[in-house]
Amino acid sequence: MSWVTPVLRAVGLDWKSRGRRANLRTFRDLIACTNNFATMRWLGNPIWQNVLDLWTIQETLAEVRPALLIEGGTHRGGSALFYAHLFDLMNHGRIITVDIERIHDLKHPRIEAVTASVLDVVLVERLRREASRAQGAVMVILDDNHAAAHVRQEMEMYAPMVTPGSFLIVQDGLIDTLPGFGKPPGPLVAIREFLLTHAEFEVDRAKSERFPFTHHPSGWLRRRL
Ligand SMILES: C[S@@+](CC[C@H](N)C(=O)[O-])C[C@H]1O[C@@H](n2cnc3c(N)ncnc32)[C@H](O)[C@@H]1O
């Protein structure tokens, strides 16, 4: 089996369809022309996201209206700022974004930027308290270290903070399906393992397959009500 087949399956496509194979070529072109999205900007701020996934996240935020969004992986801050601006429009919500290094200059009243490892137990304890005190839904987006073992561990630590009906969004499972994109095993392997012992979560297929290509196959994990 060539590498194409698992990739197409992961994005929900039938490789025998010529039109759908053309979609995959378009996806590869999109990745190539954006330098794997590293050249994207949100209001001038670097944001390392697939624009189609950002749209699905926007729809998810509008639906869930989180009181608290926790983001692992701030990088240059563009994604946290994008979520904060959506929260401004919704007049609701705040963000705690965490990165092991500080390479941003984020200043926004809805954002608290923390410099620490997402696996730091003192930080996680504090975030749990913040989540339990939140006046509404809590959502988590994991976009930091994408190695399977790390993601598996942070999923265990952060999943309990997600409120029923809300989402744990695990980014960049594409690492496990698209050769050359990153070093497997990655997030998709962690997601599959996690789901074996966490029946309280399910993959929201409609969101994960919202567009023909996503960086986050099976990445929208909804906590059951
Ligand atoms: C893919 S970038 C995040 C991109 C950002 N969310 C965006 O969309 O613009 C990954 C970030 O995770 C951070 N990171 C890696 N390991 C980490 C860890 N253990 N804890 C916190 N952050 C980590 C890196 O420093 C890097 O800035």
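User: Which residues come nearest to the ligand, and what makes a residue count as near it?
Analyst: A residue is near if one of its heavy atoms lies within 4 Å of the molecule. There are 18 residues around the ligand, and Trp48, Gln49, Gly73, Asp99 and Asp143 come nearest. Please keep in mind that this is a predicted model, where local features need pLDDT of at least 70, side-chain atom pairs count only at pLDDT 80 or more, and totals for chains, interfaces and linings use all residues. Residues are numbered from 1 along each chain as its sequence is written, and side-chain values use heavy atoms, leaving out hydrogens and water.

User: What kinds of residues form that shell?
Analyst: The shell holds 5 nonpolar, 8 polar and 5 charged residues, with Asp, Glu, Lys and Arg counted as charged and Gly among the polar ones.

User: Why is the pair between Trp48 and the ligand called a polar contact?
Analyst: A polar contact is a pair of N or O atoms within 3.5 Å. A polar backbone atom of Trp48 is 2.8 Å from an oxygen atom of the ligand, so the pair qualifies. Val118 also qualifies, with a backbone N or O atom 3.0 Å from a ligand nitrogen. For Glu71, a polar side-chain atom lies 3.5 Å from a nitrogen atom of the ligand. The protein buries 88% of the 610 Å² that the ligand exposes when taken alone (Shrake-Rupley method, 1.4 Å probe).

User: How do you know that the protein chain agrees with a compact globule?
Analyst: The rule is 2.2 Å times the number of residues to the power 0.38, taken over C-alpha atoms. For 225 residues this gives a radius of gyration near 17 Å, and the protein chain has 17 Å, so the two agree. Its C-alpha trace spans about 50 × 40 × 30 Å along the principal axes.

User: What makes the peptide bond from Pro184 to Pro185 cis?
Analyst: Its omega is near 0 degrees. Pro185 lies in the loop between strand S7 (167-170) and helix H7 (187-197) (DSSP runs of at least two residues for strands and at least four for helices, numbered from the N terminus).

User: What is notable about Asp172 in the loop between S7 and H7?
Analyst: Asp172 has a positive phi of about 75 degrees although it is not a glycine.

Key
A polar contact is a pair of N or O atoms within 3.5 Å; within protein, one must be able to donate a hydrogen and the other to accept it, and residues adjacent in sequence count only if both atoms are side-chain atoms.
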